[in-house]
Structures are given as structure tokens and as C-alpha cells.
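Me: I should like to learn how the features of a structural model are to be read. May we take them in turn, with the general idea before the case?

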Amino acid sequence: MERRIEAGHPWHSTTTPRATAHDVRWAGDLRYSFACAALLLGLLLVIDAGNDTLTAVRAVLWAGLSLLLFLVLLPPRVAAGGNWVEVRGVWRTRRARTDRLASVACSDGVAQRLVLRDADGGAVEVEPRVLLANPRLWHLLDTGVRTSEAHGTLRSGGPELRRLAGRIDAETARAVFRVSGLDD
């Protein structure tokens, strides 16, 4: 009996052109953003009602403030395929070809970002924590980066990517040891 593995299955080969990977924690981050906004709205309405100052105008104002908090907390959705990486935000979607990367830069600071620019002008910003949490996403990105290096289009950013690759490999190894019970 032959076993067939579906395209969305974790064991499916990532070398097929239709294989894509998504940020597996995005749905949880979405729920967290919604819960924070709903909690803020609930607290503001309860406090206003408790002080007998709740009006329709104030309720709409609090709902608008809660919506703003939701939009601020909503994380971008990151996906990758054989030759591309895509970051879908609230207002726009950006895509870069990983097999034609021209530069990679790491922005330091409070919110670290990996900025990927391709030879066609596409650019995306990805948080390193997203790549750390999603080995399949990292694998697709790394495969495209290696193709860019082999074709000679990647002119800058090699050391930053190797540092990030070392972090991801170390974190993946720690996770494997934790799951297998071999960590101390």
C-alpha cells in the first residue's frame, strides 16, 4: 500500500513549487490582539457605566480606541514559498523574491527586523522571532538565499544571515533536545 502525503502535511517536501509555509503563531497573536482590544473596550465601558457617564458618543469613542489598539497589536502575516517571501500587513502586502535577493540588512533596536531586498525592487521586513519560531519558513527563506548567493545577486548581508542561521540552528537543536528529554 502506497502512502500519499498531502501538500499541507508537515512531511511534504518543501522542494515542490507549490509548497508554502506560514507563521504558525500568527493565529494566536491575532487572538491576543483581539483579546486585548476587547478587554480594553470592556473595561472602558464598565468604568464609564459605573460613573454614569456612558453615552453613545463615548461608547463609539471607546470602540474606536479599542479598534486602534487592535490594529497596532495585529502582527503582519508572514508566508514563504519556493522563491518568495511575503509579509501581509493591515494595509498592504509586500513580496520579495528570495532567489534574486540583492541585500539583507538587520535593523537593531527595540523591534529587530530583517530587511530583505530583491533585484527587482521588492522589499520585506521580517522579525527574526518569526523565523526562529517557524523552522519550515526559515528553511524556504534559507534555500532562496543560497540560490541568490550561488547566482551572485546577493551583494550584502551574508554575515547577518549566517549569524541568524546560527541562532535558528541552535534554537532548533535546543527544541529537539527538550522534546526528546535530553536537555539538562
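Reply: Let us begin with a single residue and its accessibility. D52 has a relative accessible area of 73%, so this residue is exposed, the cut-off for that class being over 50%. Please bear in mind throughout that this is a predicted model.

Me: Where does D52 lie?

Reply: D52 is placed in the loop between α1 and α2. Its backbone also deserves attention: phi of D52 is near 55°, a positive value in a residue other than glycine.

Me: How many helices and strands does the protein have, and in what order do the elements run?

Reply: The protein contains 5 helices and 7 strands. Read from the N terminus on, the order is β-α-α-β-β-β-β-β-β-α-α-α. As for burial, the protein has 184 residues, and buried ones make up 32% of them.

Me: How should a pair of aromatic rings be described?

Reply: Two quantities describe such a pair, namely the distance of the centres and the angle of the planes. In this structure there is 1 aromatic pair. It is formed by F34 and F70, whose ring centres are 6.5 Å apart and whose planes meet at 85°; the pair is therefore edge-to-face, since an angle over 60 degrees falls in that class.

Me: Which elements hold the two rings of F34 and F70?

Reply: F34 belongs to helix α1 (residues 26-50) and F70 to helix α2 (residues 56-73), so the pair ties together parts that are 36 residues apart in sequence.

Me: Are F34 and F70 buried or exposed?

Reply: The two partners are to be read separately. F34 counts as exposed, at 56% relative accessibility. F70 has a relative accessible area of 17% and is buried, as the limit for burial is under 20%.

Me: Which charged residues sit over the rings of W26 and W84?

Reply: Here one considers the position of the charged end relative to the ring. The charged end of R77 sits over the ring of W26, 4.6 Å from the ring centre. For W84, the residue over the face is R95, at 4.0 Å from the ring centre.

Me: How is a salt bridge to be read, and how many does a search of the whole structure find?

Reply: One looks at the closest N and O atoms, and then at where the partners lie in the chain. The search finds 13 salt bridges. One of them joins D29 and R129, with the closest N and O atoms 3.7 Å apart. This pair links distant parts of the chain, for D29 is in helix α1 and R129 in helix α3 (residues 128-133), 100 residues apart. D29 is partly exposed at 22% relative accessibility, and R129 is likewise partly exposed, with a relative accessible area of 42%.

Me: What is the partner of R113?

Reply: R113 forms a salt bridge with E125, and their closest N and O atoms are 3.7 Å apart. This pair, too, links distant parts of the chain: R113 is in strand β6 (residues 113-118) and E125 in strand β7, 12 residues apart. R113 has 25% relative accessibility and counts as partly exposed; E125, with a relative accessible area of 45%, is partly exposed.

Me: Why are R174 and E171 separated by about one helical turn?

Reply: The reason is that R174 and E171 are 3 residues apart in helix α5 (residues 158-180). They form a salt bridge in which the closest N and O atoms are 3.3 Å apart. R174 is partly exposed, its relative accessible area being 44%, and E171 is partly exposed with 28%.

Me: Which residues are joined into one network by salt bridges that share partners?

Reply: The network consists of D29, R113, E125, E127 and R129.

Me: How much space lies in the largest pocket, and which residues are closest to its centre?

Reply: A pocket may be read by its volume, its lining and the character of that lining. The largest pocket holds about 400 Å³ of space. It is lined by 14 residues, with P76, V87, G89, V90 and R92 closest to the centre. Strand β7 (residues 123-126) gives the most to this lining, with 3 residues. By character, the lining residues divide into 9 nonpolar, 1 polar and 4 charged.

Me: How far apart are T143 and T98 in sequence and in space?

Reply: T143 and T98 are 45 residues apart in sequence, and their C-alpha atoms are 8.1 Å apart in space. T143 is found in helix α4 (residues 135-151) and, at 36% relative accessibility, counts as partly exposed.

Methods: Residues numbered from 1 in each chain as written. Predicted model: local features only at pLDDT ≥ 70, side-chain atom pairs only at ≥ 80, totals over all residues. Heavy atoms only, no water. Phe/Tyr/Trp six-rings, centres within 6.5 Å; stacked < 30°, edge-to-face > 60°. Helix = DSSP H or I, 4+ residues; strand = E, 2+ residues; numbered from the N terminus. Buried < 20%, exposed > 50% of the residue type's maximum accessible area, 1.4 Å probe, protein only. Lys NZ or Arg CZ within 6 Å of the ring centre and 35° of its normal. 1 Å grid on protein atoms, 1.4 Å probe; cavity = no way out; pocket = protein on both sides within 12 Å on 5 of 7 lines; lining within 4 Å. Points joined across faces, edges and corners; volume = space filled by probe spheres on them. Nonpolar A, V, L, I, M, F, W, Y, C, P; charged D, E, K, R; others polar. Salt bridge = Lys/Arg side-chain N within 4 Å of Asp/Glu carboxyl O.
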